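Please open the model in your viewer and keep the sequence panel beside it. This tour suggests what to select at each stop and says what is to be found there.

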Amino acid sequence: MPKAWLFLHPVGKLLFREGEAMKILVTGANGQLGKTIGRCFMEDDLVLTDINSLDITKETVVFEAIQVIKPDVIINCAAYTDVDKCEKNQSQAYEVNARGVHNLALGASKIGCELVHISTDYVFDGKGIVENGKRRPYQEMDQVNPKTIYGKTKLLGEQFLQETIENYYLIRTAWLYGDGFNFIKRILMQGYSNETVSVVTDQIGTPTSTDQLARLIKVLLKEKSYGSYHGSCEGSCTRYEYARAIFDRMGINKSIEPITSKDLKQLARRPSYSVLENKRLNEKGIFKFNHWEEALVEYLEELKTL
Ligand SMILES: NC(=O)c1ccc[n+]([C@@H]2O[C@H](COP(=O)([O-])OP(=O)(O)OC[C@H]3O[C@@H](n4cnc5c(N)ncnc54)[C@H](OP(=O)(O)O)[C@@H]3O)[C@@H](O)[C@H]2O)c1
C-alpha cells in the first residue's frame, strides 16, 4: 500500500495530498507558533530550528540548510515580533521580517519546495474599511497602510514572498497566543498579584490561538491551496473585553481599569481597529476558525492542567 495518495487535476496539477508524511523545515521553532507546529505536525518528518541553529537573516546559511534538508515545505514561524523594540531596532526588524523571508523564499524556489509564511493585521492602519457609513473588517484585497516599523517590515516580507515564489501560503493573523509568554499570561500574572490592572478600550481585534492557526496550516497544505489569506478567529473584542473574559473564565474577581492607548505611552502606536475577515477561506469553504471566546476557553482549560 503506498504511503501517499496523490490526486491529479485533469490539467495535471497536483491538488490534494493525504496520508503523506511531509518533510517540514520549521524556522523560529521556539516561538509561540513554532512550538505549536512542533506539537501538531508530529506525524510528519520535522526539522525544528531556531535562531541558534538557523538564523533566517543569514542568506548563505539559509540556502545551505534548505539544500541539505530538502524539505517538502518550510513553515516560517521566525519573526521579530516585539512591536516596540522594532521601532528602536529598525534594521534588525527589517533583516528578520523582510530580508529573512526573502532568503527563505529564494532558497525554497531553488529546490521547488512550498513556503508557509505568517503575517499580521498590523499591515493595516487601524481605521477599518468604511462602506455605506459603516465600518467593516479588513479583507485580503483591502489597501494596506502600516503605521509601525513592525507592520512595515512584515509587509515588505509579504511582498518579497509574493515576488519570489508561486507555491506559497501567506496567512495574516492577529493577536496570537500559544505556547509562550503572551497577553493572556501577562494579564493572569497581574490578576493574581496585588497590582492594579489597566487595559485599553480603544484597540479592537481578534485574539487567535496558535492551535487554530496550526489547524489551518494543516488544511492548506493538504489542499495545496496556495495564495494569501486572512486567518484569525471569528468575532472581535476590545483588549479590555479580552482581559475581562480571561478573568471571568479563570474566576478572578478583580476590577480592570479602562484606559486608552495614549495612557500606555508605547513607542509603537497599535492600530485601533484591526479585525480581519477570513474572506478567502470562507469563500473556499476549506476551513472555519472557532469564535475567539471558544478558542480562549480551550486554551485556558489547558493552562489549568499545567
Ligand atoms: N504574536 C502576535 O500577536 C502575532 C500577531 C499577528 C501575527 N503574528 C506573526 O505570527 C508569527 C508567529 O508569531 P509568534 O507569536 O509565534 O512569534 P514569537 O513567539 O515571537 O516567535 C518568533 C521566533 O522567531 C525567532 N527568531 C527571531 N529572529 C530570528 C532569526 N533571525 N532567525 C530565526 N529565528 C528567529 C525568535 O527567537 P528569539 O525569541 O530568540 O528572538 C522566536 O523564537 C510571526 O510571523 C508574527 O509576525 C504574531
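A nonpolar core, as the term is used here, is a set of buried Ala, Val, Leu, Ile, Met, Phe, Trp, Tyr and Cys residues joined through side-chain atoms within 4.5 Å. With that in mind, and remembering that this is a predicted model, begin with the inside of the protein.

**First stop: the core**

Select I75, I184, I217 and Y242, which touch the most other members among the 87 residues of the largest nonpolar core. Then keep Y242 alone and show what surrounds it: leaving out residues up to four places away in sequence, Y242 touches W175, Y177, F183, I184, P207, C237, W292 and L296.

Next, move to L25, which sits in strand β3, residues 23–27. Is L25 buried or exposed? L25 has a relative accessible area of 0% and is therefore buried. If neighbours up to four places away in sequence are set aside, the residues that L25 touches are V47, T49, L54, I66, I69, P71, V73, I74 and I75. One of these contacts, I66, is worth following along the chain: L25 and I66 are 41 residues apart in sequence, while their C-alpha atoms are separated by 8.2 Å.

**Second stop: the ligand**

Now display the ligand together with the 25 residues around it, of which L33, D55, T81, Y150 and K154 come nearest. If you colour this shell by residue character, you will find 13 nonpolar, nine polar and three charged residues. Which elements each supply at least two residues of the shell? They are α1 (32–40), β6 (114–120) and α5 (149–164), and it is β6 that gives the largest share, three residues.

Turn then to the oxygen atoms of the ligand. An N or O atom in the side chain of Y150 lies 2.6 Å from a ligand oxygen, a backbone N or O atom of G31 is 3.2 Å from an oxygen atom of the ligand, and a polar backbone atom of I118 is likewise placed 3.2 Å from a ligand oxygen. Taken alone, the ligand exposes 910 Å², and the protein buries 80% of that area.

**Third stop: T120 and V144**

Select T120, which is found in strand β6. T120 has a relative accessible area of 4%, and because the limit for a buried residue is under 20%, T120 counts as buried. The side chain of T120 makes a polar contact of 3.0 Å with the side chain of D121. Not counting residues up to four places away in sequence, T120 touches Y150, K154, R172 and T173, and Y150 and K154 are among the residues that come nearest to the ligand.

From R172 you can step across to V144, which is placed in the loop between β8 (134–136) and α5. Leaving aside its neighbours within four places in sequence, V144 is in contact with V123, F124, L155 and R172. Of these, L155 is 11 residues from V144 in sequence, and the two C-alpha atoms are 8.3 Å apart in space.

**Fourth stop: N182**

Go on to N182, in the loop between β10 (176–177) and α6 (183–192), where a relative accessible area of 7% marks N182 as buried. What does the side chain of N182 reach at 3.1 Å? It reaches the backbone nitrogen of I184, and the side chain of N182 also makes a polar contact, again given as 3.1 Å, with the side chain of Q32. Apart from residues up to four places away in sequence, N182 touches Q32, Y177 and Y299; Y177 also appeared earlier, among the residues touched by Y242.

**Last stop: two lysines with positive phi**

Finally, select K224 and K265 in turn. K224 lies in the loop between α7 (210–223) and β14 (227–230), and its phi is near 55°, a positive value in a residue other than glycine. K265 is in the loop between α9 (261–264) and α10 (279–284), and the phi of K265 is near 50°, also a positive value in a residue other than glycine.

Which of the opposite words, buried or exposed, suits K224, and which suits K265? K224 counts as buried, at 11% relative accessibility, whereas K265 is exposed, with a relative accessible area of 71%.

Note on methods: Residues are numbered from 1 along each chain as its sequence is written. This is a predicted model: local features need pLDDT of at least 70, side-chain atom pairs count only at pLDDT 80 or more; totals for chains, interfaces and linings use all residues. Side-chain values use heavy atoms; hydrogens and water are left out. Buried means under 20% relative accessible area, exposed over 50%, partly exposed in between (1.4 Å probe, protein chains only). Contact means heavy atoms within 4.5 Å. A residue is near a molecule or strand if one of its heavy atoms lies within 4 Å of it. A polar contact is a pair of N or O atoms within 3.5 Å; within protein, one must be able to donate a hydrogen and the other to accept it, and residues adjacent in sequence count only if both atoms are side-chain atoms. Accessible areas come from the Shrake-Rupley method with a 1.4 Å probe; for residues, only the protein chains shown count as cover. Helices (H or I, at least four residues) and strands (E, at least two) are DSSP runs, numbered from the N terminus. Ala, Val, Leu, Ile, Met, Phe, Trp, Tyr, Cys and Pro count as nonpolar, Asp, Glu, Lys and Arg as charged, and the others, Gly among them, as polar.
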